[in-house]
Amino acid sequence: MNYLFSFLLFFTYTFAHSQSYNGPESVEYDPINGEYYISNSSNGQILKWDGSVLTLFVSNVGSGPHGLEIVNNTLYACSGGRLKGYDLIDGTEVLNHNLNGSFLNGISHANEALYISDFSAKRLYKYDLLNNSHELVCTFQKTPNGVYYDQINDRLLVVCWGNNAPIYEVDLSMSSYTSILNTGLGNLDGITMDDCGFFYVSAWSNNSIYRYSPDFTDAQQVVSNLSNPADICYNQTEHVLAVPNSLNNTVDYLTLDLCSPNTSLNELLVDKKIIETKDLFGRSTESMPFLPLIDIFDDGSVQKRIIIE
């Protein structure tokens, strides 16, 4: 089954100036200020990307951090067994709550509660934002990783680590879960949803992103050649899928406009290889790494890419 793309522009940003990615694990988008927050899981930092400059938001977070989630004016972060919160205005720590977890990883929110997966203990926790308290929701058979609250169907979706990884659906009112499907993929990391209700899942087994129909009856590989894609995020305002590549320390921003009624399939970044790279003037880029680049693929397609290093 083919999906329609109006455009797909692939931008890879690598920074070695004021800030740089170091094990980027999770990306969260702030639609009010138009900024992305990225957890640097290898050095205890959270970075901020405003579309042109990568800056340090907070440091010394502790273990990780891993999953990120914005609720109102606070950025919440999973850090070891603790849930931490930071004021979006100045980065002040406003929460440091011990969930007594082993390895808190994925995070999402519904109403006045955060839902957090514990990778090592195979658990799902609920943190009450009003009462500053937490409780155990359920324990999974498989290892939970990324989580996403599907507001349309009032359910929490959980993707799992391991072989033939399942996707779980959690009934929050009953604190119970069921398996939607076994994906046949290995080591799922992140899950997010676009503004049409389609879901995106990142898989380490073949370094790809898969797009699932709203009822999960159909799937298509839409992006490949990634590098341990982790906790992804979809910017529904600008139709951008942000993918942190935890292995090669980059973040990809994929512009996907899938909801326009007049879309046409222009590019699909699957199983394509770069055969040549030039700058905008057709010159070799070896000595000019800061200009926009044009990658030429083996299927004849091209894409614009910016590398700052």
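**Exercise 1. Strand pairing**

How many bridges join strand 19 to strand 20, and in which direction do the two strands run? Place the pair in its sheet.

Solution. The model is predicted.
- Step 1: strand 19 (residues 199-203) and strand 20 (residues 208-212) are joined by five bridges. The two strands run antiparallel.
- Step 2: within this pairing, Ala203 stands opposite Ser208 of strand 20.
- Step 3: the sheet is open, has four strands in the order 18-19-20-21, and pairs them antiparallel.
- Step 4: strand 18 (188-193) and strand 21 (219-223) each have a single partner strand and stand at the edges, so one side of each is left without a neighbour in the sheet.
- Step 5: from one strand to the next, the twist averages 25°.

**Exercise 2. The largest pocket**

State the volume of the largest pocket, and describe its lining by residue and by element.

Solution.
- Step 1: the volume is about 740 Å³.
- Step 2: 32 residues line the largest pocket, and Glu28, Glu69, Ile70, His109 and Tyr148 lie nearest its centre.
- Step 3: two or more lining residues come from each of strand 2 (24-30), strand 6 (68-71), strand 10 (104-110), strand 14 (143-150), strand 18 and strand 22 (233-235).
- Step 4: strand 2 provides the largest share of this lining, five residues.
- Step 5: by residue class, the lining of the largest pocket divides into 17 nonpolar, 10 polar and five charged.

**Exercise 3. Two aromatic pairs**

Classify the ring pairs Phe103 with Phe119 and Phe140 with Tyr168, and give the burial of each residue.

Solution. A pair of aromatic rings is described by the distance of the centres and the angle of the planes.
- Step 1: the count of aromatic pairs comes to 13.
- Step 2: for Phe103 and Phe119, the ring centres are 5.3 Å apart and the planes stand at 55°, so the pair is tilted.
- Step 3: Phe103 belongs to the loop between strand 9 (93-98) and strand 10, and Phe119 to the loop between strand 11 (113-118) and strand 12 (123-128), so the pair ties together parts that are 16 residues apart in sequence.
- Step 4: Phe103 has a relative accessible area of 23% and is partly exposed. Phe119 counts as buried because its relative accessibility is 18%, and the cut-off for buried is under 20%.
- Step 5: for Phe140 and Tyr168, the ring centres are 5.3 Å apart and the planes stand at 10°, so this pair is stacked.
- Step 6: Phe140 is in the loop between strand 13 (133-139) and strand 14, and Tyr168 is in strand 16 (residues 166-171), 28 residues apart.
- Step 7: Phe140 counts as buried at 5% relative accessibility, and Tyr168 counts as buried at 4%.

Which residues form one aromatic cluster? The members are Tyr29, Tyr36, Trp49 and Tyr253.

**Exercise 4. Backbone exceptions**

Locate the cis peptide bond, then compare the settings of Asn72 and Asn228.

Solution. Most residues other than glycine have a negative phi, and most peptide bonds are trans.
- Step 1: the cis bond joins Gly64 and Pro65, with omega about 5°.
- Step 2: Pro65 is placed in the loop between strand 5 (54-58) and strand 6.
- Step 3: Asn72 has a positive phi, near 55°, and its place is the loop between strand 6 and strand 7 (74-79).
- Step 4: Asn228 also has a positive phi near 55°, and is found in the loop between strand 21 and strand 22.
- Step 5: Asn72 is exposed, with a relative accessible area of 62%, whereas Asn228 counts as buried at 16% relative accessibility.

Note on methods:
Residues are numbered from 1 along each chain as its sequence is written. This is a predicted model: local features need pLDDT of at least 70, side-chain atom pairs count only at pLDDT 80 or more; totals for chains, interfaces and linings use all residues. Side-chain values use heavy atoms; hydrogens and water are left out. Two strands pair if DSSP finds at least two bridges between them. Axes are lines fitted to C-alpha atoms, for helices over the stretch in contact, and angles run from 0 to 180 degrees between N-to-C directions. On a 1 Å grid over the protein atoms alone, a cavity is a set of points where a 1.4 Å probe fits but cannot get out, and a pocket is an open set with protein on both sides within 12 Å along at least five of seven lines; lining residues have an atom within 4 Å of a point. Grid points are joined across faces, edges and corners, and a volume is the space filled by probe spheres set on the points. Ala, Val, Leu, Ile, Met, Phe, Trp, Tyr, Cys and Pro count as nonpolar, Asp, Glu, Lys and Arg as charged, and the others, Gly among them, as polar. Rings of Phe, Tyr and Trp (its six-membered ring) pair if their centres lie within 6.5 Å; planes under 30 degrees apart count as stacked, over 60 as edge-to-face and the rest as tilted. Buried means under 20% relative accessible area, exposed over 50%, partly exposed in between (1.4 Å probe, protein chains only).
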